[in-house]
Every structure is written in structure tokens, then in C-alpha cells.
Amino acid sequence: MKLLMTGNEAIARGAYEAGVKYASAYPGTPSTEILENIAMYKDSILAEWAPNEKVALEASIGGSIAGARTLACMKHVGVNVAADPLFTFAYTGVNGGMILVSADEPGMHSSQNEQDNRNYAKFAKIGLFEPSTSQEAKDMIKEAYKVSEKYDTPILYRVTTRLCHSKGIVNCVDREEIKIKGYVKDVKKRVTVPAHARNLRIEVEKRLDKLKEYSNTTELNFMEINNNEIGIISSGVCYTYAKEVFKDNASYLKLGFTNPMPDKKIKEFANKVKKIYVIEENDKFIEDQVKSMGIDVIGKDIFPYTGEMTPDVIRKAIFNENKETIKYNEDLVVGRPPTLCSGCPHRGFFYEIGKRKNVMISGDIGCYSLGFASPYNALDSIVCMGASLSVGHGAQQVFNMKENNNMRVVGVLGDSTFFHTGINSLIDIAYNKSNTISVILDNRITGMTGHQQNPGTGYTLQGKEVEEIDIEKLVLACGIKNVKTIDPNNLEQVNKTLDWALELDEPSVIITRWPCVLKKLSIKDKKEFEGVFKEKCDVDKKLCIGCKLCIKSGCPSISFDKENKKAFIDKTSCVGCEVCSQICPKQAIYKGDK
């Protein structure tokens, strides 16, 4: 059976065909669709969203110890969160095969940094697979499980944005049912106290020697000799980029298994060609190791360190040429910066807090990161998931050391991010008693990555109804006494609650609770919120004075008619949140019919 699949869909299919029994992840672009597609195989695989990537990997490690083939997947920065268990599991090895999929993002399309997670495989001393196409993405998963179990190692499976989201024809076969292995207690293998870990460390080095032999013999690393003038060493999607540029005018060493590096094959290839280019995205992972073998190659001295290594980039670097593109009048293109959606429940909060003086706003990773932009200008920093509250806490403690201090800090994060790593940060605030204000923007879903369930929604990934975590009760349990839950579309309520929190000299939490306007309401949410978005807003042209204050709400449904000097609301996108009507000084904006 042949299907057109994205790389993410193909990875999910590969996990299914390989007999995987358990998979866990935290959603993050470009990895999100992997687990969403695995979840469709309900009869074969238990798939779960975890609160964060560390938990996802630890759960998958537990499943492996119990004897099943398991998988954890996450975006590149998620591996930073999961690094602690990864490095220890590299010592203990597996029972059932275990794969960690790292979806890296050259070009930072939706990420706060650009890191090359191939380095984690070398750092943790584990096997590394790098597929180039959707077909390979499926097939290599199956081979990776065999390697994981044969060599007693977790596997890092590195893909990138272009592979995750591009499509190709994939030949699919039936699932191979792999029995869950028996569990045998083995303290010396799995309990990593120093006395045991010292011995395991030696075994890791022995395993690397065996993996190097595999790397030099596997068909995943192969040569394609077309001529002896130019040679290309590449891996992952960069191999397909190079093939598009050079076609049959170069020879290739295509690397699919890249840790340990196939030193014998590399040296053999180097003896067959006169000039070698190493084409890879981001770090000099291959280049440095090839150069350490005494082989002269051309790499980052001409290719960029950052961004995607697309065919155009390769042509520019080697031939100093740009492929012709369609010319157009650039003056006619209107810039479209990212913005909060019409009716977004974060808008009212950012509109009000952005006007506050002597307030530092510590932001986080999510849709609400857009609060930094105009017209709100309501974020001062973003570090990583869950950091808003702890960064805010540290800043507030230092501000409080200053004489005549009047600076207050507000930490802002979403519901899913709060469950991810925000809880620990809030405990730090409660324990150390700073007067930080923490705001949890509860839009009832994991919004930015495409509406995945989380512990606060009341449903699992595979649709099972469960008890939802009550955020307010959880905050109280963390030791915060001052907690209020508000409607963020009610600007008066937002302002009064901010005043209340700013007057306190102890920790406080504000929960803004309103569903994402794009969310398909669950049965539970329908009881509370259904019907609120049915009526639209409109402008009474007689009352509108053209002051443009409503435009400062940042709502994409509102525009200004320069000819008539009146505000205009697009009813096709308006959802009737009424934030704009509360801003209007002349009550010219109304909801429903008039």
C-alpha cells in the first residue's frame, strides 16, 4: 500500500509497523503531528500527552524497562528539558527498544533558538539516525528499534522541519507484532548509584565500539560514485538538497546513521574524489569529525551556520548564483506580522497591562508571546517554557533590594505551560515569598501547537474523559493564598484585579479563564461557554468620531476607513468578544442588531 505522507506521518506509521506499544510526547512544532498520528492506532498503541518532555521520556523509559518498544517525541528545545533522564538511560540501556525523536528547527520558524541536537547523541554516547525522505522516516524507525535492542541503547532519531512537514510517497506494510519482553530485576543495570554507574560507564564505551562497526557496515551509510571531481558528504534532508543542486555531477556519501561516524567509509570515499563538500544544517557535526581524520573538506567556511541549507543557499555558497524567480512589485506587498486572533482571550489582558507603568512583564512560550508586539508592548523578556514565573521571581527579589523601589514584576504564562514547568516556578515564589504577580492565561487548551489536550481540559489524547486539574485549587495547594479567577474580556474586571494584586506585598495569582476562540468546545466547556460567540460587533457610524482607540486593541477584525474616517469591523472574523466596545469612548461599537 502506497500513501502520500509527511515525514511526521511516516514516523508514526513506522512506529506502528515496528510494533511499538507505548508512545508519549509534549506537543511542539515541528514534532506535534507525530504523536497525533500515532494516537490514531488506538487498537495497537497507547499514546499519551505528557505534562512536559522530561516526563514523556521518563514514561517511555519505564515502558522500555517493562519490556515494550516505546517512543518519545519532542521538538529540539524539548530535549533540553528531557536531558536529565536521557543521559542516565544511556548508561542503563534498554529492555524493549526505545527511540527519542528530536524534531530540530533550522531557521527558527516557531522556536526561540536554533540548536543542533545531533550533539546530544555524541554527548550521551548513543546511536543517531537521520532520515532524508518520508520513506526513510518510516523505514529507519524500524531499523532503529532493531539497533536499540541489539546494542542495548536508546536511539536519538533526528529530523528537521522540512522533513517533518514535506510529503512523499511511502510504501506501507503490515504491523509486526512484537511481544512485550519479560521483566527481570537487575539492580546493577538499572539502579545508577555510583558503584553501579562506574561499571556501566565502561560498558557505554564498549557499546560505542560495536556501534562504530555497525556504522561502517550498515547500508544506511552508502556511497554513490558518479565522478571523481566533486564529492558530497551529507545527512538528513541536506542530502536531498545537495542532489537537487548537483544531480549526477557529483559523488555522494549519504549518511543515515551518524553516531558513531563511519570512519572507514569516510576515508574510503575521500580516496575516490578530489574535492569534498560537507553539506549540513547548523553545526559542524560531520565536518569536524571528518577533519579530525585528517581529511580536507569544505564546509562552514562557505556555508552558513544558521538557517535551512536549501538548494538556493547551496547554489549561492558554491556557485555564487541565484536561481531566477518570478519578479513582482514589492511595494504592493503589505506586511503581515503575526497577531493574536480575533476574539483571543489574551487580548483584553495585554491591552490593559501594557498601559501600566513601573511594571516588568516576564513572558513565556505560547500564543501569548505575541503580547510583546505593538500595540500592546506588554512583554519584557522570554526565556523558555515555564521560565516566566521563576524569571519574574528573581527579578522581583532584586528590585526589592533597591532603595525606594517601585518596580513590580508580573509573570505571564498559559495553562499548558503552567502544567509543563510553571508549577515548580510557582512553588519557588510561594516558598521564598516574593511579592511577584503570576498570571495564568487559561484558554482551556494547548493553543499554539494546534489544540492538543492537557491536564486541565478533561480529556486525554485518545479522547478518554478524565478529571480535569483545577488550576485554582492547584495554585492554592502550592501555597499561594491570594488567587482570583477572572474573565479577561471584561476590561473593568481585569483592571480591578491588577490593582488588587499590585497593592499586595505578598505572592498573588490571577487566572484569566476563557476558551481559545478557535477551539471546538468540549462537552464540559459547552455548558459554560456555548453561545458566547454567536453575536458579532458592529460600528455605529453616527457615533464613531474616528479616534482610532479601538484599533489599539490589536484585533485584526477592526480596521479604519481613511476616506470616511470611521472604524470598520469585519463580521466574517469578529466573534463578539466586546473588548473593542469597552475601549470606545463614545459607545459607538455595539453587539448584535441595532
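Guide: Helices and strands here are DSSP runs, a helix having at least four residues and a strand at least two, and both are numbered from the N terminus. Welcome to this predicted model! With that definition we can place Asn-377, which sits in the loop between strand 14 and strand 15.

Visitor: What makes the phi of Asn-377 worth a remark?

Guide: Its phi is positive, about 50°, although Asn-377 is not a glycine. Pro-375 belongs to the loop between strand 14 (359-363) and strand 15 (381-382) as well. The bond leading from Ser-374 to Pro-375 is a cis peptide bond, with omega near 10°.

Visitor: Where else is there a cis peptide bond?

Guide: One joins Asn-259 and Pro-260, with omega at about -5°. Pro-260 is in the loop between strand 12 (257-259) and helix 11.

Visitor: Why is Arg-444 called buried?

Guide: Buried means under 20% relative accessible area. Arg-444 has 3%, so it counts as buried. Arg-444 also has a positive phi, about 70°, although it is not a glycine. You will find Arg-444 in the loop between strand 17 (437-442) and helix 17 (471-477).

Visitor: What makes Gly-411 buried?

Guide: The relative accessibility of Gly-411 is 0%, which is under the 20% cut-off, so Gly-411 is buried. Gly-411 is part of strand 16 (residues 408-414). Its C-alpha atom is 4.8 Å from that of Leu-389, although the two residues are 22 places apart along the chain.

Visitor: Which residues is Gly-411 in contact with, leaving aside its neighbours within four places in sequence?

Guide: They are Ser-362, Ser-388, Leu-389, Ile-437, Ser-438 and Val-439. Contact means that heavy atoms come within 4.5 Å.

Visitor: Why is helix 1 described as mostly covered?

Guide: Of its 11 residues, 10 are buried. Among them are Gly-7, Asn-8, Arg-13 and Glu-17. After helix 1 comes Gly-19, with a positive phi near 85°.

Visitor: Why does Cys-544 form no disulfide with Cys-550?

Guide: A disulfide needs two cysteine sulfur atoms within 2.5 Å. The sulfur of Cys-550 is the closest cysteine sulfur to that of Cys-544, but the distance is 6.4 Å, so the pair is too far apart for a bond. For Cys-478 the closest is in Cys-384, 18 Å away, and this is too far as well. By this rule the count is 0 disulfides.

Visitor: How do you know whether Cys-478 and Cys-544 are buried or exposed?

Guide: Compare each with the 20% cut-off. Cys-478 has a relative accessible area of 14%, so it is buried. Cys-544 has 11%, so it is buried too.

Visitor: What makes up the lining of the largest pocket?

Guide: The lining divides into 13 nonpolar, 21 polar and 3 charged residues. Gly counts as polar and Met as nonpolar, so Gly-366 and Met-385, both among the residues nearest the centre, fall into separate classes. Helix 16 gives the most to this lining, with 5 residues. The volume of the pocket is about 690 Å³.

Note on methods: Residues numbered from 1 in each chain as written. Predicted model: local features only at pLDDT ≥ 70, side-chain atom pairs only at ≥ 80, totals over all residues. Heavy atoms only, no water. Buried < 20%, exposed > 50% of the residue type's maximum accessible area, 1.4 Å probe, protein only. 1 Å grid on protein atoms, 1.4 Å probe; cavity = no way out; pocket = protein on both sides within 12 Å on 5 of 7 lines; lining within 4 Å. Points joined across faces, edges and corners; volume = space filled by probe spheres on them.
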